[in-house]
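Here are my notes on this one, as numbered points. Have the viewer open while you go through them.

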Amino acid sequence: MVQWTRSHPDWQLVGNSAKPFSELRFGDFNGDGVTDVVANMGGHWSVSDSARAQWRTLNPSLNDPVDGAGIFIANLDPDDNIDDILKLEVKSLTQGDLAVQAFAVTWRSKNGTEPWKVWKTYAAKFPNHNPDFETPGHGFVGRFGPGGTFATLMIDENRTGHFQSLGQGGSLVEWESLFPY
């Protein structure tokens with residue numbers, strides 16, 4: 001069992017879950033500025049508002065597990081206070097002995113309540129001549145830009161970072177890193 005506490009004014013039990021910590025994600029899914037807990041309960045996403053309330057259905061149509069490295073929580077919209085759920089899928093095809101073609105798709109469930117929609121698709125060709133080579137299998141989500149909005153980050157075969165975020169009016173803004181990773 002996982003328990004969470006708050007420290008103001010004294011340490012107090014806030015809530016708990018029979019799910020292990022690895023099967024929980026944390027974000028704000030009602031826009032009140034307080035962290036909520038998300039889990040896959042009964043074959044769909046459920047949320048405990050403010051990590052205190054009883055579990056309620058967040059999205060009845062999506063049943064992806066929230067554990068694993070491929071699920072991210074971030075608010076990609078600069079015009080609301082509700083977090084989104086992102087999923088990364090990476091597929092690779094070996095092309096001969098010298099290269100691997102990797103395809104990474106970032107899916108987005110806006111506010112955690114909408115169906116999956118493609119956020120961004122990447123294709124990159126990575127050298128395969130190193131015996132320790134591993135196909136890239138992860139992306140990043142964070143506040144990378146000067147505006148403080150959340151963005152996704154993927155690193156290509158040349159170690160260049162590709163960032164995507166939503167600008168004013170909902171248009172996709174993209175930029176690249178100046179230096180290799």
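**Notes on the model**

1. Let me start with a residue from the salt-bridge part: Arg-108 is buried, with a relative accessible area of 12%. Buried here means under 20% relative accessible area, exposed means over 50%, and partly exposed is in between (1.4 Å probe, protein chains only). Arg-108 forms a salt bridge with Asp-84, and their closest N and O atoms are 3.2 Å apart. A salt bridge is taken as a side-chain nitrogen of Lys or Arg within 4 Å of a carboxyl oxygen of Asp or Glu. Asp-84 sits in strand β8 and Arg-108 in strand β9, so this pair ties together parts that are 24 residues apart in sequence. Asp-84 has 0% relative accessibility and so counts as buried.

2. Before going further, the ground rules. This is a predicted model, in which local features need pLDDT of at least 70 and side-chain atom pairs count only at pLDDT 80 or more, while totals for chains, interfaces and linings use all residues. Residues are numbered from 1 along each chain as its sequence is written, and side-chain values use heavy atoms, with hydrogens and water left out. Strands (E, at least two residues) and helices (H or I, at least four) are DSSP runs, numbered from the N terminus.

3. On confidence: pLDDT is the predictor's confidence in each residue, from 0 to 100. The protein chain averages 80, and 82% of the residues score at least 70. Among the elements, β6 has the highest mean pLDDT (94), and strand β1 (residues 2-6) the lowest (74). Where pLDDT is low, the predicted coordinates should not be read in detail.

4. Back to the charges. How many salt bridges does the structure hold? There are nine salt bridges. In one of them, Lys-87 meets Asp-64, with the closest N and O atoms 3.1 Å apart. Lys-87 belongs to strand β8 (residues 84-95) and Asp-64 to the loop between β6 (56-59) and β7 (71-74), so parts 23 residues apart in sequence are tied together. Both Lys-87 and Asp-64 are buried.

5. Lys-110 and Asp-77 form another salt bridge, with the closest N and O atoms at 2.8 Å. Here Lys-110 comes from the loop between β9 (99-109) and β10 (117-127) and Asp-77 from the loop between β7 and β8, so the parts tied together are 33 residues apart in sequence. Lys-110 is partly exposed, at 24% relative accessible area, whereas Asp-77, at 7%, counts as buried. It's worth displaying the whole network of salt bridges, which links Asp-77, Asp-80, Asp-84, Arg-108 and Lys-110.

6. Now the sheets, where two strands pair if DSSP finds at least two bridges between them. One open sheet has four strands in the order β3-β4-β5-β6, with antiparallel pairing. Its edge strands, β3 (25-27) and β6, each pair on one side only. The twist averages 40° from one strand to the next; axes are lines fitted to C-alpha atoms, for helices over the stretch in contact, and angles run from 0 to 180 degrees between N-to-C directions.

7. Within that sheet, three bridges join β3 to strand β4 (residues 36-41), and Arg-25 stands opposite Val-38 in β4. Five bridges join β4 to β5, with Ala-39 opposite Ser-46. The two strands β4 and β5 form a hairpin with two residues between them, and Gly-42 in the turn has a positive phi of about 65°. Three bridges join β5 to β6, where Val-47 stands opposite Arg-56.

8. Which way do the side chains of β5 point? His-44, Ser-46 and Ser-48 go one way, Trp-45 and Val-47 the other, and all are buried. In a regular strand the side chains alternate between the two faces of the sheet.

9. The other four-stranded open sheet to look at runs β11-β12-β13-β14, with antiparallel pairing. β11 (140-142) and β14 (172-176) are at the edges with a single partner strand each, so one side of each is left without a neighbour in the sheet. Three bridges join β11 to strand β12 (residues 151-155), and Phe-140 stands opposite Leu-153.
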